[in-house]
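Me: Hi! I've just opened this one and could use a friendly tour. Can you walk me through it?

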Amino acid sequence: MTDSKYFTTTKKGEIFELKAELNSDKKEKKKEAVKKVIASMTVGKDVSALFPDVVNCMQTDNLELKKLVYLYLMNYAKSQPDMAIMAVNTFVKDCEDPNPLIRALAVRTMGCIRVDKITEYLCEPLRKCLKDEDPYVRKTAAVCVAKLHDINAQLVEDQGFLDTLKDLISDSNPMVVANAVAALSEIAESHPNSNLLDLNPQTINKLLTALNECTEWGQIFILDCLANYTPRDDRESQSICERVTPRLSHANSAVVLSAVKVLMKFMEMLPKDLDYYGTLLKKLAPPLVTLLSAEPELQYVALRNINLIVQRRPEILKHEMKVFFVKYNDPIYVKLEKLDIMIRLASQANIAQVLAELKEYATEVDVDFVRKAVRAIGRCAIKVEQSAERCVSTLLDLIQTKVNYVVQEAIVVIKDIFRKYPNKYESVIATLCENLDSLDEPEARAAMIWIVGEYAERIDNADELLESFLEGFHDESTQVQLQLLTAIVKLFLKKPTETQELVQQVLSLATQDSDNPDLRDRGYIYWRLLSTDPVAAKEVVLAEKPLISEETDLIEPTLLEELICHIGTLASVYHKPPSAFVEGSRGVQHKRLPGSAGSGESVESPDPGAAATETPPAVIPSQGDLLGDLLNLDLTPTTTTGPPPPTTSGMQMGAMDLLSGGLDSLLGGDIGGNPAMGAAFGAAPATMPASFNAPGSGGLDDLFDLGGGVGMPMGALNPPKAVWLPAMKAKGLEISGVFVRRAGVIQMEMTLTNKAMSVMTDFAIQFNRNSFGLAPAGPLQILTPLSPNQSIEPLNNLQVAVKNNIDVFYFSCQYPISMLFVEDGKMERQVFLATWKDIPNDNESQFQIKDCHLNSDAASNKLQSSNIFTIAKRTVEGQDMLYQSMKLTNGIWVLAELRVQAGNPNYTVSSVALAIGPIINQNGFENGFTNQAL
Amino acid sequence: MIGGLFIYNHKGEVLISRVYRDDIGRNAVDAFRVNVIHARQQVRSPVTNIARTSFLHVKRSNIWLAAATKQNVNATMVFEFLYKMCDVMAAYFGKISEENVKNNFVLIYELLDEILDFGYPQNSETGALKTFITQQGIKSQHHTKEEQSQITSQVTGQIGWRREGIKYRRNELFLDVLESVNLLMSPQGQVLSAHVSGRVVMKSYLSGMPECKFGMNDKIVIDKQGKGGGSEDVAKSGKQSIAIDDCTFHQCVRLSKFDTERSISFIPPDGDYELMRYRTTKDIILPFRVIPLVREVGRTRLEVKVVIKSNFKSSLLAQKIEVRIPTPLTTSGVQLICMKGKAKYKASENAIVWKVKRMAGMKESQISAEIELLPTNDKKKWARPPISMNFEVPFAPSGLKVRYLKVFEPKLNYSDHDVIKWVRYIGRSGIYETRC
């Protein structure tokens, strides 16, 4: 009997024919017809029109036919909910069938039909099936609870199914236990805070017992569930580990990896000096190696996981280097992963072997693989100092092959080797220069230019080499342009006499003919430096660069910990937290490793995640704090709050005049002679090296934003930046900021700091709707990828969402209401009087400002700088009455009366507003006013 | 968990499509076809994320099996499940081909309904499945009540792989030790890596619920026994014991017992199954040594000489020997001389294939080839892929020996002596390569 013929019916009028066949009297014909329907359904044809006819076939004692009809129902019930009701009776009847297979089939299928009315009917049969005498029915019913929860969570809770499910954990049949655990784990994931999976030593014991007896799949469910448990102490941790280790010899790789996950997690709690700890470490290596003899797809998953394990506990596999050697016939995805692990395991002991292998790989055919192999040689050089020399000579051998991409890749890594071991391998520069012409990739060109610039004094024809690049300057990528600019400036500083013309040429190319802001900014900086103080220029441009380390490619520790908790899953394959690829609330909880046992020993990497979760989510600054800060600020005796004089200024004020006119347009008119400039330059040396790490970044252009107070009217409020988004909450991105109003524009100044270990890019910002309709004036301009520990300060214009390549982060921050007072808020005297009277008393409110030691004139001046204008002043009984007006961005006027009594530090404010309604939160307003007054 | 499971033919047409979760829509079927099956470049990863849906796939001959999910599933489990699915299908209808899948689509749907519930894998032991999912459809009416409960208790039970009441007139056991020996050798004859991955495969025809115990010359066990027994015993057996790096077992083996006592005890499934897999890296007997000699004569000629030496008892015979010597892409002609067997240059495979039917131990043989090359300007050097070798030998290269396999059946009246046992050792080449 062959069924393939059902796939070939494509003639017209097919549906009609099928209808006739479905209603045939002959059982065989009916069955044939249903098979045809299913085949059509599979290939994507719409056969929903046959719904009533197919459902009619359901009442049959032929189980094969019944299953086919059920399959059809599961597919189309949703589109025909009313008709699907017709099936309910059969389902309910089948749930009472004496045959357990049929009872289970009915309850299994019913759970897959996502129609509300059917769901209602499901509850009673499900309740019975959960307590069925046959374990086969119970295990099916357990999964059905999870299905039902997915359709209608409330219903499941109301019906008390969760408790029944919990009871099944104590079932006598291991498979029922396993399915109940799977269902509960899934339900618990969508209720992160519920104590649904109440894991306590008793349930853990039950699970461990079931672990020995259930199917391979059940073992996986149980192990994955165990991994979420946190043992109370190291002793419990050890006893669980002891009972889990036998699983490492299971034939199913998923059982093995899930067991590894449990062990990796619980090991954190074991004291390092414990004998058992060492035993456990030794037991982990062989099963991990065995995974590499599985099918290639499993090898891939295993390798991605081993990559994590090696980063967390390098000691486990340190002697197993050989098993990661690439085989000629490995699929490319396995090869690339093996390479990664080889580098991680490379050490002085095995470096010779590793290098020999890598050299071998560099002659293979797959371009990606060859490139990675070459890059790996460079990484070995940086990681194992003793091998650097051998690595360099290997790379030189490879360059001799003249294979284009090999040469380019080799030059890129040699640049890194120079950064790690300066002044050691310059002898190879000559060889590198020979290959100058064959470089056509930006990264390789930039690397070569960097090398020429860095070692300009030892390359006789450095000027010629760089000049040759200059010809096609505008066709180069930004990365190369920036590097060329820097290299020529370096060259000039080293050999000033011969290269004056060259440097002029590149500076004018960069500043006048380029429309790339990064390039222009860097050009101007150099130009100004060179024209003002060549000594400082030398200090800045030729400053000693920090050494690079091999740790740059490691996964950030908090992320690594989270990924360790997800061993075996997709998260560990992608090396991303589940929240990065799972929609909705499921799996978004961040898991972390348990802290170590209190036996006094320290874990190599302290657990920053632990501290983070204990701190309350203090994203919104409390108002009291804000006020306190502001008060402190004003208690300083000076009336100016401009930026403090620069301490690192290497520059004279007059120097500004030397700058070309173009600079003015760049910096804006208000910079003139402000000492903040000095601060900007003072910071230059620190940022310069960073821009070498990430070529193409315009680290320097950001410097201009440093002068937060530049051009601010004296006396205006200049609050410090507050942390809005702590790094813990945003995968390493810290945002702090402040709101200021400058020249009639509300600005939100943010400092974004990358505290993670990987580069962040693709920033964007968005505000949630808010009362005053604040919205970003322009997109967040962060052109630079944000490298680790680098911090940038762009200025720009509340719930805020900031997005980058890693994730979207949400935070909220309060802007002082004074930001909203506009400059034309001065009311005419007469209008003021009339308006004051017109406003009903209901709109009035009073409050006091305490401990303010300004006299009324000073207060008035101060308020004016924040756009609170004094319209009139009256002195009554020794009290100064100030009448003031201000206008909000949305056009609402606010009038206020400020009573100041000489000698009394407390002011009284009565304020009234036009059309105030609910728009202004009185509290917020009060604060705004108070802040400004003080 | 698994949200949907799809089977495609090589053209990307859907043969089977079963959706388990609401978040996987019909468009997922097309997304995988467009982005993976029809993708231009070679598959770069078995896990693909397309529009926030993850696809995990395996390929069997021309057939693609893909599991789709939107959650953070246990990826290892999904792949294990896909392989298991292939095994189950193969057990039902043989080779997995488009023809067979189409011919059995109703059966496949029935299986998918049984072994995957809401995306959670359920019992997938073929032995158990075959009791109630038959190719002719289930004749549920014919099962008596006892039979029904027997089925369900087997599917959910502790010993899901064996049913009760099996009877044989002759109790028989076949035990095969199958090893594949892997080698990577440098041109100078230095062993870069070598390991044996072995399997113990069993065919059991035993009545009742027999309790079995399997013993081999595992170093740890023998050393332990040595301590208990006389010192003479250690000297005798110590030489022959082998160090097993790691082993994994069929789910019938009691793992906790192995962990504590290192004894392998189990109730076997009926018929064919794989009892254990193991891996060794120490003291491997490399059955053959390949000695390559490649000389470039000018730019258009290569001289290749390859010597193979057999390294085992001269009374044993190796079979199906094949040496594969890769040639450059620019090869225009090849002249071959070999002492034994037949050699041929296969242009389509860019290799010289030298076949020898049989070869005894402690012998040596050689082939020499002159390769003419087309002159090219290509600067790129020839990558020189390794010389690979295939063979089959009648011993276990790891040195593993079966010491005993005891059978106890307390309820039925047959003893260990009544069981007829057959043991056989086969060593095959895995990836057996010598760089040149």
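Reply: Happy to; we'll talk about how the chains meet, then about two helices and one chain's make-up. Keep in mind that this is a predicted model.

Me: Good to know. How many residues does each chain put into the contact between chain A and chain B?

Reply: Chain A brings 104 residues and chain B brings 94 residues. The area buried between chain A and chain B comes to about 8700 Å², with carbon and sulfur atoms giving 56% of that.

Me: And how many salt bridges are there between chain A and chain B?

Reply: There are 13 salt bridges between the two chains. One of them joins B:E110 to A:K67, where the closest N and O atoms are 3.4 Å apart. Polar contacts turn up as well: 41 residue pairs across the interface of chain A and chain B, counting pairs with both residues at pLDDT 80 or more.

Me: Which helix of chain A gives the most to the side touching chain B?

Reply: That's helix α8 of chain A, residues 135-151, with eight residues. Taken as a whole, the side of chain A that touches chain B has 49 nonpolar, 25 polar and 30 charged residues.

Me: Let's switch to α16 in chain A. What covers its buried residues?

Reply: The cover includes parts of both chains. From chain A there are α14 (234-244), α15 (253-267) and α17 (296-312), and from chain B there are β11 (246-249) and β13 (271-280). The buried residues of α16(A), which runs over residues 275-290, include A:Y276, A:L280, A:L284 and A:L288.

Me: Now α20 of chain A. Why does its end-to-end distance agree with what it should span?

Reply: Helix α20 of chain A has 17 residues (367-383), so at 1.5 Å a residue it should span 24 Å, and its end C-alpha atoms are indeed 24 Å apart.

Me: Nice. What happens at the start of α20(A)?

Reply: There, a side-chain oxygen of A:D366 comes within 3.1 Å of the backbone nitrogen of A:D368.

Me: Which residues of that helix are buried?

Reply: Among the buried residues of α20(A) are A:F369, A:R371, A:C380 and A:I382. Their cover includes α18 (332-345), α19 (351-361), α21 (388-400) and α22 (404-420), which belong to chain A.

Me: Last topic: how many helices and strands does chain B have?

Reply: Chain B has nine helices and 23 strands. Of its 436 residues, 55% are buried. Looking at contacts in chain B with a separation of 6 or more, 70% come from residues 24 or more positions apart.

Note on methods:
Residues numbered from 1 in each chain as written. Chains lettered and ligands numbered in written order. Heavy atoms only, no water. Contact = heavy atoms within 4.5 Å. Buried area = accessible area lost by both parts, 1.4 Å probe. Salt bridge = Lys/Arg side-chain N within 4 Å of Asp/Glu carboxyl O. Polar contact = N/O pair within 3.5 Å; in protein donor to acceptor, adjacent residues only side chain to side chain. Helix = DSSP H or I, 4+ residues; strand = E, 2+ residues; numbered from the N terminus. Nonpolar A, V, L, I, M, F, W, Y, C, P; charged D, E, K, R; others polar. Expected span 1.5 Å × (residues − 1). Buried < 20%, exposed > 50% of the residue type's maximum accessible area, 1.4 Å probe, protein only.
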